[in-house]
Amino acid sequence: MWRNGQYIMHAINACFGGKYPEKPLFEVGESKESSERQEHDGYTEQEIKKAKTVLSMQLLVMEGRKRRTKQKKELYEH
């Protein structure tokens, strides 16, 4: 389920202008390099940090939109 969530997160991010990964997120291999990639899902620490920042900014935007919609609704109800 967690892996599916990762793909869903990338798909949602792509809807907001991000890039969907070209390679599979999870690859199973025998080499030391593939085990290191598997630990980080094939991404560097910098890429992970950037993805977290992008996701948090997107959530803030969505929260702001929801708040404005709620305020407009309350304004028109009174």
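**Notes on a three-helix model**

1. Let's begin on the outside. Ile8, Ile12, Phe16, Leu55, Leu59 and Met62 make up a nonpolar surface patch, and together they offer about 520 Å² of accessible area. Two elements, α1 and α3, each give two or more residues to this patch. The biggest share comes from α3, which supplies three residues. Keep in mind as you look at it that this is a predicted model.

2. Take Ile12 as a sample member of the patch. Ile12 belongs to helix α1. Its relative accessible area is 43%, so Ile12 is classed as partly exposed, since that class sits between the buried limit of under 20% and the exposed limit of over 50%.

3. Now the overall layout. The protein chain has three helices and zero strands, and going along the sequence the pattern reads α-α-α. Helix α1 covers residues 2–15, helix α2 covers residues 32–39, and helix α3 takes in residues 45–77.

4. How far should you trust each part? The mean confidence is lowest in helix α2, at 54, and highest in α3, at 89. For the protein chain as a whole, the average pLDDT is 80, and 79% of the residues score at least 70. I'd read any picture of α2 with that mean of 54 in mind.

5. How much of the protein chain is buried? Of its 78 residues, 13% count as buried. The accessible surface of the protein chain adds up to about 7200 Å², and carbon and sulfur atoms own 57% of that. As for contacts with a separation of 6 or more, 33% of them join residues 24 or more positions apart.

6. His10 is one to click on. This residue sits in helix α1, and with a relative accessible area of 10% His10 is buried, because the cut-off is under 20%. What does His10 touch, leaving aside neighbours within four places in sequence? The contacts are Tyr20, Pro21, Leu25 and Tyr43.

7. Gln58 is another polar side chain worth a look. Gln58 is part of helix α3 and is buried, at 13% relative accessible area. Once residues up to four places away in sequence are set aside, Gln58 touches Asn13 and Phe16. Phe16 is also one of the nonpolar patch residues from the opening point.

8. Then there's the loop between α1 and α2, where you'll find Phe26. Is Phe26 buried or exposed? Phe26 is buried, with a relative accessible area of 16%. Along the chain, Phe26 and Gly42 are 16 residues apart, yet 7.1 Å separates their C-alpha atoms.

9. How many salt bridges does the structure hold? One. The partners are Glu63 and Arg67, whose side chains meet at 3.4 Å, N to O. Side chains of opposite charge can pair when their charged atoms come close. Both residues lie in helix α3, four residues apart, which is about one turn of the helix.

10. Is that pair hidden away? Glu63 has 43% relative accessibility and counts as partly exposed. Arg67 has 46% relative accessibility and is likewise partly exposed. Neither figure falls under the 20% that would make a residue buried, and neither is over the 50% needed for exposed.

Key
Residues numbered from 1 in each chain as written. Heavy atoms only, no water. Buried < 20%, exposed > 50% of the residue type's maximum accessible area, 1.4 Å probe, protein only. Contact = heavy atoms within 4.5 Å. Salt bridge = Lys/Arg side-chain N within 4 Å of Asp/Glu carboxyl O. Patch = residues over 30% accessible without salt bridge, like charges linked within 9 Å, V, L, I, M, F, W, Y side chains within 5 Å. Areas by Shrake-Rupley, 256 points an atom, 1.4 Å probe, with all protein chains shown as cover. pLDDT = per-residue confidence, 0-100.
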